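Here are my notes on the model, point by point. Please read them with the structure open.

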Amino acid sequence: MKIKKGFMKRKLGDKYLVVTTGALSRENSMFIELNETSSDIWDWIEKGCNKSEIADRLCEKYNVGREKAEQDTERLIASMQQAGIFEE
């Protein structure tokens with residue numbers, strides 16, 4: 001899993017936004033709002049973490065059960081895949 005070049009995450013106030021930049025923005029201008037948890041997952045994907053590692057980090061940081069962490073990870077990654085954020 002790797003985020004395509006041209007997607008950039010920025011913090012504005014207490015919100016996180018993912019926007020398209022450069023050539024990608026000319027093809028498909030996009031703005032996605034992330035909450036803190038989704039922002040963390042984005043960062044971990046950028047660092048090369050796999051789904052299992054992301055779920056581990058969610059359990060540790062947010063003190064949630066493994067099942068919830070896996071569900072949240074799967075849901076966000078599926079949404080990101082649908083939006084075309086990952087390289088093939």
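1. A term to begin with: a residue counts as buried when its relative accessible area is under 20%. Asp 72 has a relative accessible area of 18%, so it is buried. This is a predicted model, and the values below should be read that way.

2. Where does Asp 72 lie? It lies in helix α4. Leaving out residues up to four places away in sequence, Asp 72 touches Ile 41 and Leu 58. Ile 41 is among the α2 residues that meet α3. Leu 58 is one of the α3 residues on the other side of that contact. Leu 58 also appears in the contact of α3 with α4, as does Asp 72 itself.

3. Helix α4 spans residues 66–82, and Ile 77 is found in it. Is Ile 77 buried or exposed? Its relative accessibility is 1%, so Ile 77 counts as buried. Setting aside residues up to four places away in sequence, Ile 77 touches Met 1, Ile 45, Lys 51, Ile 54 and Phe 86. Lys 51 and Ile 54 are among the α3 residues that meet α4. Ile 45 belongs to the α2 side of the contact with α3. Glu 27 is 50 residues from Ile 77 along the chain, and their C-alpha atoms are separated by 22 Å.

4. Now the helix packing. Two packed helices are described by the angle between their axes and the distance between the axes. Take α2 (residues 36–46) and α3 (residues 51–62): they pack at about 140°, with axes 10 Å apart. The two are therefore oblique to each other. The cut-off matters here, because only angles over 145 degrees count as roughly antiparallel. The crossing of α2 past α3 is right-handed.

5. Which residues make the contact of α2 with α3? From α2 come Glu 36, Thr 37, Asp 40, Ile 41, Trp 44 and Ile 45. From α3 come Ile 54, Arg 57, Leu 58, Lys 61 and Tyr 62. By class, the residues of this contact are six nonpolar, one polar and four charged.

6. Next, α3 against α4. Their axes come within 8 Å and cross at roughly 125°. That makes α3 oblique to α4. This crossing is right-handed. On the α3 side are Lys 51, Ser 52, Ile 54, Ala 55, Asp 56, Leu 58 and Cys 59. They meet Arg 66, Ala 69, Glu 70, Asp 72, Thr 73, Glu 74 and Ile 77 in α4. The residues of this contact divide into six nonpolar, two polar and six charged.

7. Check the loop between α3 and α4, where Asn 63 has its place. Most residues other than glycine have a negative phi. Asn 63 is not a glycine, yet has a positive phi of about 55°. Asn 63 is exposed, with a relative accessible area of 70%.

8. Last, the cysteines. How many disulfides does the structure hold? It holds zero. Cys 49 is in no disulfide, and the nearest cysteine sulfur, that of Cys 59, is 13 Å away. A disulfide needs the two sulfur atoms within 2.5 Å, so this pair does not qualify. Cys 59 is likewise in no disulfide, with the sulfur of Cys 49 as its nearest. Cys 49 is buried, at 6% relative accessible area. Cys 59 is among the α3 residues in the contact with α4.

Notes. Residues numbered from 1 in each chain as written. Predicted model: local features only at pLDDT ≥ 70, side-chain atom pairs only at ≥ 80, totals over all residues. Heavy atoms only, no water. Axes fitted to C-alpha atoms, helices over the stretch in contact; angles between N-to-C directions. Helix = DSSP H or I, 4+ residues; strand = E, 2+ residues; numbered from the N terminus. Parallel < 35°, antiparallel > 145°, perpendicular 65-115°, else oblique. Left-handed = near helix turned anticlockwise from the far one by under 90°. Contact = heavy atoms within 4.5 Å. Nonpolar A, V, L, I, M, F, W, Y, C, P; charged D, E, K, R; others polar. Buried < 20%, exposed > 50% of the residue type's maximum accessible area, 1.4 Å probe, protein only.
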